[in-house]
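Trainee: Hey, have you got a few minutes to walk me through this one? I'd like to get my bearings before I start poking around.
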Amino acid sequence: MGGKTGPNPTDRGKSGTKRSLLTDGRGVPLGLAVAGANRNDHKLMRETVEAVPVERPAPAPDAPQGLCLDKGFDYPEVPERAAEFGFTLHLRTRGEERAAKREAGAKARRWVVERTHSWLNRFRRILIRWEKKPASYLAMLHLALGIITWRHARLPG
């Protein structure tokens, strides 16, 4: 199936692709990395953060920039990498997600990323990877993410 694919551990070893997505607090996509389905999430962290096309503003001392990750990122090098990029890390460790009780009406922080993945999956060309070349697949992803960003832009007026 071309590059950036690997055996999917949840689908009988068929080739699959993993998308690592960085969004803002509203779910608007900022950065994207693509790899084989068998690649661990935490190994795509640097590539995903570096894929943001615009320069990030410096984090203010009174308003730090948070980075919310799920338990797939529970590895020793992740806090170091978050500090390297100037993020305040919010990481649910293994077992902590189940034990944590949320207040009524509060959303999980990772929910916005899951929602953006759902928006991506509405593009049939993205849901099933038809492109053999990684560059073509990445171009389709960028087009879909551009459309998602356009739809959710808050224009003044």
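Mentor: Sure. Keep in mind that this is a predicted model. For a start, buried residues make up 32% of the 157 residues in the protein chain.

Trainee: Okay, and how many helices and strands does the protein chain have?
Mentor: There are six helices and five strands. Going along the sequence, the order is β-β-β-α-β-α-β-α-α-α-α.

Trainee: What share of the contacts with a separation of 6 or more comes from residues 24 or more positions apart?
Mentor: That share is 51% in the protein chain.

Trainee: Let's look at a helix. How many residues does α6 have, and how far does it reach?
Mentor: Helix α6 covers residues 134-151, so to speak a run of 18 residues. From its first C-alpha to its last it reaches 26 Å, close to the 26 Å expected at 1.5 Å a residue.

Trainee: Which residues of α6 are buried?
Mentor: Y137, L141, A144, L145 and I148. They sit on the same side of α6, because they cover an arc of only 100° around the axis.

Trainee: Why would residues that are a few places apart point the same way?
Mentor: An α-helix has 3.6 residues a turn, so residues three or four places apart point the same way.

Trainee: Got it. Which exposed residues are on the face of α6 turned away from the buried side?
Mentor: That face carries A135, L143 and W150, which are exposed.

Trainee: And what do the buried residues of α6 pack against?
Mentor: Two strands and two helices: β2, β3 (29-36), α4 and α5 (124-127).

Trainee: Tell me about α4 then. Which of its residues are buried?
Mentor: The buried residues of α4 are V112, V113, T116, H117, W119 and L120. Their arc around the axis is only 155°, which puts them on the same side of α4. They pack against β2, β3, α5 and α6.

Trainee: Switching topic: how much space lies in the largest pocket?
Mentor: About 750 Å³. The lining of that pocket has 33 residues, and L21, L22, T23, L67 and V113 lie nearest its centre. You've met V113 already, as one of the buried residues of α4.

Trainee: Which element gives the largest share of that lining?
Mentor: Strand β2 does, with six residues. At least two residues each come from β2 (15-23), α1 (45-50), β4 (65-69) and α4 (111-121).

Trainee: How does the lining divide into nonpolar, polar and charged residues?
Mentor: For the largest pocket, 16 are nonpolar, seven are polar and ten are charged.

Trainee: I clicked on T88 by accident. Where does T88 lie?
Mentor: T88 is in strand β5, residues 87-91. T88 counts as partly exposed because its relative accessibility is 33%.

Trainee: What is T88 in contact with, leaving aside neighbours within four places in sequence?
Mentor: T88 contacts P64, Q65, G66 and L67. Take G66: the C-alpha atoms of T88 and G66 are separated by 4.6 Å, though the two are 22 residues apart along the chain. L67 is also among the residues nearest the centre of the largest pocket.

Trainee: Last one: is W130 buried or exposed?
Mentor: W130 is exposed, because its relative accessibility is 56% and the cut-off for exposed is over 50%. W130 lies in the loop between α5 and α6. Not counting residues up to four places away in sequence, W130 touches R124 and R125.

Note on methods:
Residues numbered from 1 in each chain as written. Predicted model: local features only at pLDDT ≥ 70, side-chain atom pairs only at ≥ 80, totals over all residues. Heavy atoms only, no water. 1 Å grid on protein atoms, 1.4 Å probe; cavity = no way out; pocket = protein on both sides within 12 Å on 5 of 7 lines; lining within 4 Å. Points joined across faces, edges and corners; volume = space filled by probe spheres on them. Helix = DSSP H or I, 4+ residues; strand = E, 2+ residues; numbered from the N terminus. Nonpolar A, V, L, I, M, F, W, Y, C, P; charged D, E, K, R; others polar. Expected span 1.5 Å × (residues − 1). Buried < 20%, exposed > 50% of the residue type's maximum accessible area, 1.4 Å probe, protein only. Arc of directions from axis to C-beta. Contact = heavy atoms within 4.5 Å.
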